[in-house]
Amino acid sequence: INPDLNWKEDRRTVSLPDHIVDYGRIPLNFVAVGCTNVEEAKRRARYKLVTGTTETLIANFKTNRQGAYISPYDVILISDDDIGAGYHGRIASRSSLSEFSLRDPLFLESGFNYRVCFQVVDSNTGNYRVVKYELQPGISGTINSFATISPVSEDLPDQAVFSIETTSGVIAPRAFRVGSITESDGDSDLV
């Protein structure tokens with residue numbers, strides 16, 4: 001609905017010409033509900049267009065109730081050895097600001113430099129953010145602990161979850177958009 005057109009419905013076309021050449025025209029009527037600004041409606045339509053043409057993999061999983069803090073359409077990082085998307089684990093203990101013991105052993109390939117990623121709550125905004133720290137060079141094989149080059153200043157919870165990626169980005173967690181969140185079969189502790 002456009003206030004400049006006396007509150008009448010306003011239709012605009014948003015397209016990706018290269019995609020139309022490859023796959024043909026796929027019409028979809030999209031309504032920007034509650035939107036009264038043309039540029040905002042076009043942004044929403046472009047967002048729908050890009051996510052509809054680029055997101056091709058779906059991941060289903062169960063997690064603890066902290067997963068309920070995520071909203072549909074948020075972007076999350078998933079680390080999974082089976083799809084070559086980084087390594088992951090939990091911290092067992094922290095002996096200093098840069099030294100960590102792992103709950104479970106982890107195998108890292110030789111020939112790469114790695115960095116560890118933690119998801120923390122931003123104290124200013126209250127939103128989640130990902131912080132990354134380079135690991136000491138030359139770490140490989142089965143490890144039970146690791147050390148970062150610079151101190152990890154963030155306050156990490158007990159048993160903090162982490163992911164490890166290569167500094168070149170060859171092996172890294174993959175970004176996924178949350179489609180829906182539901183309670184797991186009546187168990188309020190899982191979503």
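The protein chain contains 2 helices and 8 strands. The model is a predicted one. Read from the N terminus, the order of elements is α-α-β-β-β-β-β-β-β-β. Both helices thus precede the strands in the chain.

The overall dimensions were examined next. The C-alpha trace spans about 65 × 40 × 35 Å along its principal axes. The radius of gyration of the protein chain is 22 Å. For a compact globule of 191 residues, a value near 16 Å would be expected.

Contacts and burial were then computed for the protein chain. Among contacts with a separation of 6 or more, 62% join residues 24 or more positions apart. Buried residues account for 26% of the 191 residues. The accessible surface of the protein chain amounts to about 13,300 Å². Carbon and sulfur atoms contribute 48% of that surface.

One surface feature involves nonpolar side chains. Tyr-69, Val-121 and Tyr-128 form a nonpolar patch on the surface. Together, these three residues have about 360 Å² of accessible area. Val-121 belongs to strand E4, which covers residues 114–121. This valine is therefore at the end of the strand's residue range. Val-121 has a relative accessibility of 51%. The cut-off for an exposed residue is over 50%, so Val-121 counts as exposed. Strand E4 thus supplies one member of the patch, Val-121.

Notes. Residues numbered from 1 in each chain as written. Predicted model: local features only at pLDDT ≥ 70, side-chain atom pairs only at ≥ 80, totals over all residues. Heavy atoms only, no water. Patch = residues over 30% accessible without salt bridge, like charges linked within 9 Å, V, L, I, M, F, W, Y side chains within 5 Å. Areas by Shrake-Rupley, 256 points an atom, 1.4 Å probe, with all protein chains shown as cover. Salt bridge = Lys/Arg side-chain N within 4 Å of Asp/Glu carboxyl O. Helix = DSSP H or I, 4+ residues; strand = E, 2+ residues; numbered from the N terminus. Buried < 20%, exposed > 50% of the residue type's maximum accessible area, 1.4 Å probe, protein only. Rg over C-alpha atoms; globule rule 2.2 N^0.38 Å. Contact = heavy atoms within 4.5 Å.
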